[in-house]
Every structure is written in C-alpha cells, then in structure tokens.
Amino acid sequence: MVGRHAARTRRAALTALGALALTAFPPAASAAPAPQPTAAQALGAGKAPAQVLRAMERDLKLAPGQATARLVNEAEAGTRAGRLRNSLGDRFAGAWVSGATSAELTVATTDAADKGTIEAQGARAAVVERPLAQLASVKEKLDAAAVRTGAAETPVWYVDVRTNRVMVQATSEEAAASFVRSAGVEAENVGVRVSANRPRLLKDLVGGDAYYIDAQARCSIGFSVTKGEEQGFATAGHCGRPGARTTGSDQSDQGTFQSSTFPGKDMAWVAVNDDWTATPDVKAQDGQKVRIAGSVEALVGASVCRSGSTTGWHCGTVRQHDTSVRYAEGTVDGLTETTVCAEPGDSGGPFVAGVQAQGTTSGGSGDCTNGGTTFYQPVNPLLSDFGLTLTTTAAQTQTPAPQDNAAADAWAAGRVYQAGATVSYDGVRYRCLQNHQAQGAGSPASTPALWQRV
C-alpha cells in the first residue's frame with residue numbers, strides 16, 4: 001500500500017514538472033481547442049424551467065431530481081442514436097429510450113453482428129427482422145389504402161419500432177384484417193390493437209394563448225415564427241383556411257391565415273400585424289413561460305409536455321412518430337402519438353421536450369381525469385413546408401434557404417434537416433444525427449449533438 005502511494009506521489013511530481021516545463025517553453029503549435037459541449041449542454045436539457053420539471057414529476061410520477069436526469073439522458077441518447085443510425089445504414093430498425101430517467105437507450109438492427117457496435121455506444125442492442133425502411137414502406141401502402149377505402153373502423157396506424165411492426169388500431173380484429181388486405185401487405189408485418197377510442201379534433205377553445213377565427217371559432221397559438229420580415233405563429237391546419245382573419249385573446253385585430261393544410265397534414269401559419277411581436281415564449285403553468293431554444297425531435301419514449309388553457313400544463317411520453325389518424329373530417333399522416341392527456345380546447349397548443357419545440361396539438365381521445373392519448377403535428381415539417389423560421393432564444397433572422405436551390409449541399413441556418421442528411425461547411429462534410437431546424441448560432445462544427453463529421 002505504501003509502495004503504491006509512493007509511486008503515485010512520484011508520478012504526480014513528474015506530471016507537475018512536465019506541466020511546468022510546458023508552461024516555461026510553450027510549443028509552436030496553437031493551444032488545444034476548447035472541449036465541445038455535451039449534447040445535453042448544447043440542447044439546454046440541463047436547464048429546463050422549473051415548471052417543466054414540476055409537471056414532469058407530477059405526470060410521470062418522478063422523484064425530485066429525476067426530471068432533470070431524464071431530460072439530460074434523452075438529449076444524450078438522441079445523439080448516440082443518430083450516430084448509430086448513420087453507422088448501421090440500411091440495417092437500422094429504430095431507437096427508443098426507457099426507464100424512469102430514460103437511462104436505457106435501445107437501438108434495433110437486423111444484423112446480430114452489429115451488437116458490439118451498438119453496445120460500444122452504451123446502448124442495448126435489439127436484433128429484429130425488419131429494417132425501419134421496410135416498416136415505412138408497409139405504412140405507405142396502408143396510407144394509400146386509407147385514401148381508397150375511407151374505412152372509419154381503423155382510425156389509427158403507425159410504425160412501432162419497439163415491436164418491429166406497423167400497428168393498426170381498429171374497433172375489431174375483423175376491421176383491421178380487412179384494412180390490411182385492402183393495402184396488399186403481409187399480415188405478419190402488422191400488429192393489431194383493438195380499441196373503441198376514436199380520436200377527434202380538439203378545437204374551438206384555447207391551448208396556450210387564444211385566438212379567434214372570423215369571429216366564429218377559437219384555437220390556440222402554437223409557436224412564434226417568422227418568414228422574412230413577417231412575424232406570425234404556427235397552429236393547427238383544421239383551425240382555419242388561407243385568408244381567414246384572426247383576432248387575439250383581447251379581441252383586437254391580429255392577422256390572417258397565410259397557408260393551411262388539412263386533412264393530409266394538420267398545419268397552418270398566421271401572419272400577424274405590427275401590433276403583435278413574435279417571441280420564443282410558450283405559456284406554461286402559473287403564469288410562467290418556457291423559452292424555446294430549437295426544434296430537435298425527441299426519441300420514442302422521451303418525455304414531452306403540452307400547454308393548454310382547458311387542462312393546463314401536462315406531460316407524458318412519445319409513443320411513436322409517423323402515425324396516421326383518421327378523423328371524421330379526414331385522414332392526417334405523420335403525426336406523433338403521446339400519452340399526454342388533452343381535452344377540447346387544447347387544440348393548436350405547443351408540445352415541447354425540455355426547451356425544444358416538438359409540434360402543435362392536433363387531436364386525441366380520452367381526457368385529463370381518466371387519462372388519454374393526444375397527437376401532435378411535428379413542427380419541423382410545418383417549418384419546412386411553409387418556409388418558416390422558428391422563433392427561438394438564438395434564432396436567425398434570415399429566411400430559410402430553399403431546400404432545392406443550387407447551394408442545397410451547403411449547410412444553411414433556417415433549413416430543416418432530417419437525420420442522415422449530409423452537408424458541407426467550411427470545406428468539411430457532416431451528416432445529420434437528429435431532425436431539427438438549423439439555428440444561426442449553431443453550425444455543424446459547433447453542434448456535435450446534431451452533426452457528425454464524415
């Protein structure tokens with residue numbers, strides 16, 4: 001014991017002398033670059049507002065301190081999953097987090113030889129039969145069949161990475177089987193969940209700050225956005241058509257719907273007049289606000305919170321992305337299903353993961369007394385489709401670069417990037433790790449949480 005202590009003392013002394021020598025005779029090379037921020041630091045996961053943490057503790061039954069740990073783990077998991085997605089390529093079959101603090105990341109692959117690569121990233125490997133691309137292809141066939149048949153008995157279908165199948169929610173086994181046959185897909189690729197629930201649109205009241213449409217209905221502001229010099233907000237497409245006039249919660253003139261898509265998608269944006277100013281704020285609990293820092297998409301299993309004036313501030317988890325929902329008014333594809341409760345009046349309000357914008361409330365089933373399911377329209381497709389810039393704490397002011405312009409290969413602030421996309425920046429190639437809209441303050445070189453050098 002004494003000998004080992006003496007050896008450690010001698011090594012420490014030599015180390016100190018070495019450090020002094022370097023200080024006295026600095027090398028010609030420049031100093032080492034400052035360490036890059038962790039994914040959690042880059043995405044603001046460790047600095048979530050208190051109202052987010054309290055609501056997560058309440059709704060997810062977390063102990064004090066677990067909410068912060070969960071957000072940090074989810075941010076780090078998103079980056080690791082993105083790196084593994086790039087590494088596995090066509091064999092990648094999805095990723096999700098689990099556990100009270102999302103401490104366990106699972107990444108699925110179709111090749112058992114990838115287990116070592118996955119485990120080296122601190123994740124659990126799941127070897128499955130179908131790659132994510134195959135599941136997406138099956139869902140696309142169901143999407144097409146839904147347009148042809150219009151069957152009301154199968155209101156929801158989605159890719160479920162945890163079961164490695166496309167799931168169909170139906171009122172009966174027979175209705176599900178009929179839908180699957182009409183799509184021409186093999187039954188072994190599809191799972192069935194029988195439920196009497198039928199999602200409905202959550203409109204006519206508020207979820208966040210209220211606004212009124214043509215003095216006849218009211219919905220909720222989702223997130224502030226800009227388009228060039230125009231300011232406005234994102235909201236649900238079912239709330240209004242292009243040209244519809246809006247007034248604010250104080251009944252003063254506010255703006256006009258510029259673009260709206262519903263059904264198919266459930267997205268819209270309203271340009272406001274000079275009396276209104278876009279801010280990065282989202283209304284939370286007890287008069288508090290959450291300030292949005294970006295739009296990095298949360299993983300399956302990650303925690304999300306929703307603002308709504310009918311039911312207040314509630315949290316839950318992401319069940320799955322890319323969900324199709326058949327409302328009475330029409331089918332909407334590409335929604336995200338959550339365990340967050342909602343009720344009529346919460347429609348259009350914002351979903352957030354920590355300080356990252358996720359989407360705007362579309363519809364759901366159940367209530368906040370007995371629990372329920374809520375779907376949101378992801379914000380990144382909305383921003384991309386309408387050419388909008390999300391207003392954040394460090395938002396750029398320029399209009400997003402067109403997705404198909406001559407410089408499409410060059411990284412540009414304001415552009416929406418999907419996981420796996422490649423860009424060039426300062427002569428270096430990078431591959432995107434997580435879906436997001438690029439912020440002006442975060443280039444690929446400075447955001448390793450979102451970009452991997454290739």
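**Exercise 1. Classify Glu337 and its salt-bridge partner by accessibility, and locate both in the chain.**

Step 1. Glu337 has 0% relative accessibility and counts as buried; buried means under 20% relative accessible area, exposed over 50%, and partly exposed in between (1.4 Å probe, protein chains only). The model is predicted: local features need pLDDT of at least 70, side-chain atom pairs count only at pLDDT 80 or more, and totals for chains, interfaces and linings use all residues. Residues are numbered from 1 along each chain as its sequence is written, and side-chain values use heavy atoms, with hydrogens and water left out.

Step 2. The partner is Arg193, with the closest N and O atoms 3.5 Å apart. A salt bridge is a side-chain nitrogen of Lys or Arg within 4 Å of a carboxyl oxygen of Asp or Glu.

Step 3. Arg193 belongs to strand E6 (residues 190-194) and Glu337 to strand E19, so the pair ties together parts 144 residues apart in sequence. Helices (H or I, at least four residues) and strands (E, at least two) are DSSP runs, numbered from the N terminus.

Step 4. Arg193, at 28% relative accessibility, counts as partly exposed.

**Exercise 2. State how many salt bridges the structure holds, and work through the one between Arg91 and Asp114.**

Step 1. The total is 15 salt bridges.

Step 2. In the pair Arg91 and Asp114, the closest N and O atoms are 2.7 Å apart. Arg91 sits in the loop between H4 and E1, and Asp114 in the loop between strand E2 (104-109) and helix H5 (115-120), so parts 23 residues apart in sequence are tied together.

Step 3. The relative accessible area of Arg91 is 31%, partly exposed, while Asp114 is buried at 6%.

Step 4. For another case, take Arg130 and Glu129, whose side chains meet at 3.8 Å, N to O. Arg130 is buried at 7%, and Glu129 is exposed at 57%.

**Exercise 3. Describe the cavities: count, volume and lining.**

Step 1. On a 1 Å grid over the protein atoms alone, a cavity is a set of points where a 1.4 Å probe fits but cannot get out; a pocket is an open set with protein on both sides within 12 Å along at least five of seven lines; lining residues have an atom within 4 Å of a point. Grid points are joined across faces, edges and corners, and a volume is the space filled by probe spheres set on the points.

Step 2. There are 2 cavities of 30 Å³ or more. The largest has a volume of about 190 Å³, and the second largest about 60 Å³.

Step 3. The largest cavity is lined by 18 residues, with Leu43, Glu74, Ala75, Ala353 and Gln356 nearest its centre. Helix H4 (residues 66-88) gives the largest share of this lining, 4 residues.

Step 4. By class, the lining of the largest cavity has 10 nonpolar, 6 polar and 2 charged residues. Ala, Val, Leu, Ile, Met, Phe, Trp, Tyr, Cys and Pro count as nonpolar, Asp, Glu, Lys and Arg as charged, and the others, Gly among them, as polar.

**Exercise 4. Give the volume of the largest pocket and describe its lining.**

Step 1. The largest pocket contains about 940 Å³ of space. Its lining has 37 residues, and Arg85, Glu297, His321, Asp322 and Asn435 are the closest to the centre.

Step 2. Elements giving two or more residues to this lining include H4, helix H6 (132-149) and strand E18 (312-327).

Step 3. The lining of the largest pocket divides into 16 nonpolar, 14 polar and 7 charged residues.
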